Amino acid sequence: MTTTEAAISLPKNITIPAVIVFGDSIVDQGNNNDIKTPVKCNFPPYGKDFKGGKPTGRFSNGKTPADITGTYHQTPFS
């Protein structure tokens with residue numbers, strides 16, 4: 001088993017306001033609801049695994065590693 005340590009330690013009253021992730025499709029679920037294009041994902045089965053089962057406009061049925069990291073650090077989704 002291995003462990004990792006952070007390079008810095010934040011004081012207890014400091015929170016992480018955002019997580020910015022650069023990468024490929026592993027971390028980018030996409031969302032083009034505000035773009036005029038015939039390629040959309042705001043219909044079933046997209047979103048079936050999210051709370052409420054509603055299509056979200058994301059090209060993913062589940063959370064990406066970026067979503068999980070944000071949840072772990074209690075960063076709100078936007």
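**Exercise 1. Arg58 and its surroundings**

Task: Decide whether Arg58 is buried or exposed in this predicted model, and find which residues it contacts beyond its sequence neighbours.

Solution:
- Step 1. Start with the cut-off: a residue is buried when its relative accessible area is under 20%.
- Step 2. Arg58 has a relative accessible area of 13%, so Arg58 is buried.
- Step 3. Now place Arg58 along the chain: it lies in the segment before α1.
- Step 4. Leave out the neighbours within four places in sequence, and Arg58 is in contact with Gln29, Gly30, Cys41, Tyr46, Phe50, Lys63, Thr64 and Asp67.

**Exercise 2. A contact partner of Arg58**

Task: Thr64 is one of the residues that Arg58 contacts. Is Thr64 buried or exposed, and what does it touch?

Solution:
- Step 1. The relative accessible area of Thr64 is 6%, so Thr64 is buried.
- Step 2. Thr64, too, is found in the segment before α1.
- Step 3. Setting aside residues up to four places away in sequence, Thr64 touches Ile26, Val27, Gln29 and Arg58.
- Step 4. Compare the two lists: Gln29 appears among the contacts of Thr64 and also among those of Arg58.

**Exercise 3. The ring cluster**

Task: How many aromatic pairs are there, and which residues do they link into a cluster?

Solution:
- Step 1. The count comes to two aromatic pairs.
- Step 2. Take Phe43 and Tyr46: their ring centres are 5.6 Å apart and their planes stand at 80°, so this pair is edge-to-face.
- Step 3. The other pair is Tyr46 with Phe59, edge-to-face as well, at 6.1 Å centre to centre and 70° between the planes.
- Step 4. Tyr46 and Phe59 are 13 residues apart, and their pair links distant parts of the chain, although each residue is in the segment before α1.
- Step 5. Put the pairs together, and Phe43, Tyr46 and Phe59 become a cluster.
- Step 6. Check the accessibility of each ring residue. Phe43 has a relative accessible area of 40% and is partly exposed. Tyr46 is partly exposed at 26%, and Phe59 is partly exposed at 36%.

**Exercise 4. An unusual spot in the backbone**

Task: Is the peptide bond from Pro44 to Pro45 cis or trans?

Solution:
- Step 1. Look at omega for this bond: it is near 10°.
- Step 2. The bond from Pro44 to Pro45 is cis.
- Step 3. Pro45 belongs to the segment before α1.

**Exercise 5. The two sides of α1**

Task: Which residues of α1 are buried, and which exposed residues sit on the face turned away from them?

Solution:
- Step 1. Find the helix: α1 covers residues 65-72, and the protein chain has one helix and zero strands.
- Step 2. The buried residues of α1 are Ala66, Asp67 and Gly70.
- Step 3. These buried residues cover an arc of only 100° around the axis, which puts them on the same side of α1.
- Step 4. The face turned away from that buried side carries the exposed residues Ile68 and Tyr72.
- Step 5. Move past the end of the helix: Gln74 follows α1 and has a positive phi, near 55°.

**Exercise 6. Far in sequence, and in space?**

Task: How many Å separate the C-alpha atoms of Val19 and Ala66, and those of Ile16 and His73?

Solution:
- Step 1. Val19 and Ala66 are 47 residues apart in sequence, with 7.8 Å from C-alpha to C-alpha.
- Step 2. Ile16 and His73 are 57 residues apart in sequence, with 6.8 Å from C-alpha to C-alpha.
- Step 3. Val19 is partly exposed at 31% relative accessibility, and Ile16 is partly exposed at 29%.
- Step 4. Widen the view to the protein chain: of its contacts with a separation of 6 or more, 36% are between residues 24 or more positions apart.

**Exercise 7. The surface**

Task: Which residues form a nonpolar patch on the surface, and how much area does the protein chain expose?

Solution:
- Step 1. Ile8, Leu10 and Ile14 form the patch, and together they have about 300 Å² of accessible area.
- Step 2. One of them, Ile14, is partly exposed at 43% relative accessibility.
- Step 3. The protein chain exposes about 6,800 Å², with 57% of it supplied by carbon and sulfur atoms.
- Step 4. Finish with the buried share: 19% of the 78 residues count as buried.

Terms used:
Residues numbered from 1 in each chain as written. Predicted model: local features only at pLDDT ≥ 70, side-chain atom pairs only at ≥ 80, totals over all residues. Heavy atoms only, no water. Patch = residues over 30% accessible without salt bridge, like charges linked within 9 Å, V, L, I, M, F, W, Y side chains within 5 Å. Areas by Shrake-Rupley, 256 points an atom, 1.4 Å probe, with all protein chains shown as cover. Salt bridge = Lys/Arg side-chain N within 4 Å of Asp/Glu carboxyl O. Helix = DSSP H or I, 4+ residues; strand = E, 2+ residues; numbered from the N terminus. Buried < 20%, exposed > 50% of the residue type's maximum accessible area, 1.4 Å probe, protein only. Contact = heavy atoms within 4.5 Å. Arc of directions from axis to C-beta. Phe/Tyr/Trp six-rings, centres within 6.5 Å; stacked < 30°, edge-to-face > 60°.
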